[in-house]
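Reader: I am new to reading protein models, and I would like to know how the labels are earned. Could you walk me through this one?

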Amino acid sequence: MSVYLNRLMTTAALGLACVAAGACTPLKSHQGYIIDADLVNSVQPGVDNRTSVLQVLGKPSFTSQFNEGDWYYISRDARNFAYNNPKVRDQTTIRISFDPRGTVTGIAKGDQTQVASISPSNKSTPTLGRKRGFFDELFGNIGTVGAIGGQGGQGGGDRAEP
C-alpha cells in the first residue's frame with residue numbers, strides 16, 4: 001500500500017510543479033504593423049508618393065492631422081506573466097513625411113525610448129461652479145422643468161404667442 005501512496009504523491013507533486021511552471025511562462029504578443037526592413041528601405045524620399053507608399057507598405061497605423069498628414073507605422077512587442085499588465089519589450093515607429101504634393105520628403109525611425117509615459121494624478125476632473133450634493137442632484141431640478149431660460153415658467157421675450 002505504501003508503494004501506491006508513494007507513486008500517488010510523486011505524481012501529484014509532478015503535476016503541481018507543471019502547473020506552477022506553466023503559470024510563470026511569459027505570454028508574448030505583437031501589436032500593430034509587421035515591419036519588413038526591405039520594404040521600408042525601398043521607400044525613397046523624392047521618388048515615392050502616397051500611392052506608391054500605400055502599395056508597398058500598406059495602410060498606416062494612423063495619420064497625422066498636422067505636418068501635411070505624416071503617416072505612422074507602429075509595431076510593438078510585449079510580454080507579461082500570468083495576470084500582470086503587459087510590459088513593452090520593443091516598439092518601432094516609422095514616420096513617413098510628405099510635401100503638399102504628396103511626395104515623400106523623409107523617413108524617420110523611432111523606438112520605445114521616445115514614448116512618453118503619462119499617469120493621471122486624480123480620478124476626478126476639477127470643474128468650475130459650486131459643488132452639489134446627492135440631494136441637490138436628486139431634487140435640484142424640481143420646479144425648473146418646462147422653464148425657458150431659467151425664468152421659472154414665465155413667458156420669454158422671444159417666444160411667439162399662438
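Author: Here are some questions and answers about this structure.

Author: First, some background: this is a predicted model, in which local features need pLDDT of at least 70, side-chain atom pairs count only at pLDDT 80 or more, and totals for chains, interfaces and linings use all residues. Residues are numbered from 1 along each chain as its sequence is written, and side-chain values use heavy atoms, with hydrogens and water left out.

Reader: What makes up the secondary structure of the protein?

Author: The protein has 4 helices and 5 strands. Helices (H or I, at least four residues) and strands (E, at least two) are DSSP runs, numbered from the N terminus. Read from the N terminus, the order is α-β-α-α-β-β-β-β-α.

Reader: Why is D48 called buried or exposed?

Author: D48 has 14% relative accessibility, so it counts as buried. The cut-offs are under 20% relative accessible area for buried, over 50% for exposed, and in between for partly exposed (1.4 Å probe, protein chains only). D48 sits in the loop between helix 2 (37-42) and helix 3. Leaving out residues up to four places away in sequence, D48 touches S42, V43, V53, G102, T103 and V104, where a contact means heavy atoms within 4.5 Å. The C-alpha atoms of D48 and T105 are 8.9 Å apart, although 57 residues separate the two along the chain.

Reader: What share of the residues is buried in the protein?

Author: Of the 162 residues in the protein, 19% are buried. One of the buried residues is S97, at a relative accessible area of 12%. S97 belongs to strand 4, and it touches D70, T103, V104, T105 and G106, again not counting residues up to four places away in sequence.

Reader: Which residues are in the largest nonpolar core, and what makes them a core?

Author: The largest nonpolar core has 11 residues: Y33, V40, V43, V53, L57, W71, Y73, I94, I96, F98 and V104. A nonpolar core is a set of buried Ala, Val, Leu, Ile, Met, Phe, Trp, Tyr and Cys residues joined through side-chain atoms within 4.5 Å. Two or more residues come from each of helix 3 (50-57), strand 3 (71-81) and strand 4 (87-98). Strand 4 gives the most, with 3 residues. In soluble globular proteins, nonpolar side chains tend to be buried together.

Reader: How do you know that R95 and D70 form a salt bridge?

Author: A salt bridge is a side-chain nitrogen of Lys or Arg within 4 Å of a carboxyl oxygen of Asp or Glu. For R95 and D70 the closest N and O atoms are 3.8 Å apart, so the pair qualifies. This pair links distant parts of the chain, with R95 in strand 4 and D70 in the loop between strand 2 (62-63) and strand 3, 25 residues apart. R95 is partly exposed at 34% relative accessibility, while D70 is buried at 3%.

Reader: How many salt bridges are there in the whole structure?

Author: A search of the whole structure finds 2 salt bridges. R101 and D99 also form one, with N to O at 3.4 Å. R101 is exposed, at a relative accessible area of 70%, and D99 is buried, at 16%.

Reader: Why is the pair of W71 and F98 called edge-to-face?

Author: Rings of Phe, Tyr and Trp (its six-membered ring) pair if their centres lie within 6.5 Å; planes under 30 degrees apart count as stacked, over 60 as edge-to-face and the rest as tilted. W71 and F98 are 5.0 Å centre to centre with 65° between the planes, so the label edge-to-face fits. W71 lies in strand 3 and F98 in strand 4, so the pair ties together parts that are 27 residues apart in sequence. Both W71 and F98 are buried.

Reader: Then what makes the pair of F135 and F139 stacked?

Author: Their ring centres are 6.3 Å apart and their planes are at 5°, so F135 and F139 are stacked. Both lie in helix 4 (residues 134-139), 4 residues apart, about one turn of the helix. F135 is exposed at 56% relative accessibility, and F139 is partly exposed at 46%.
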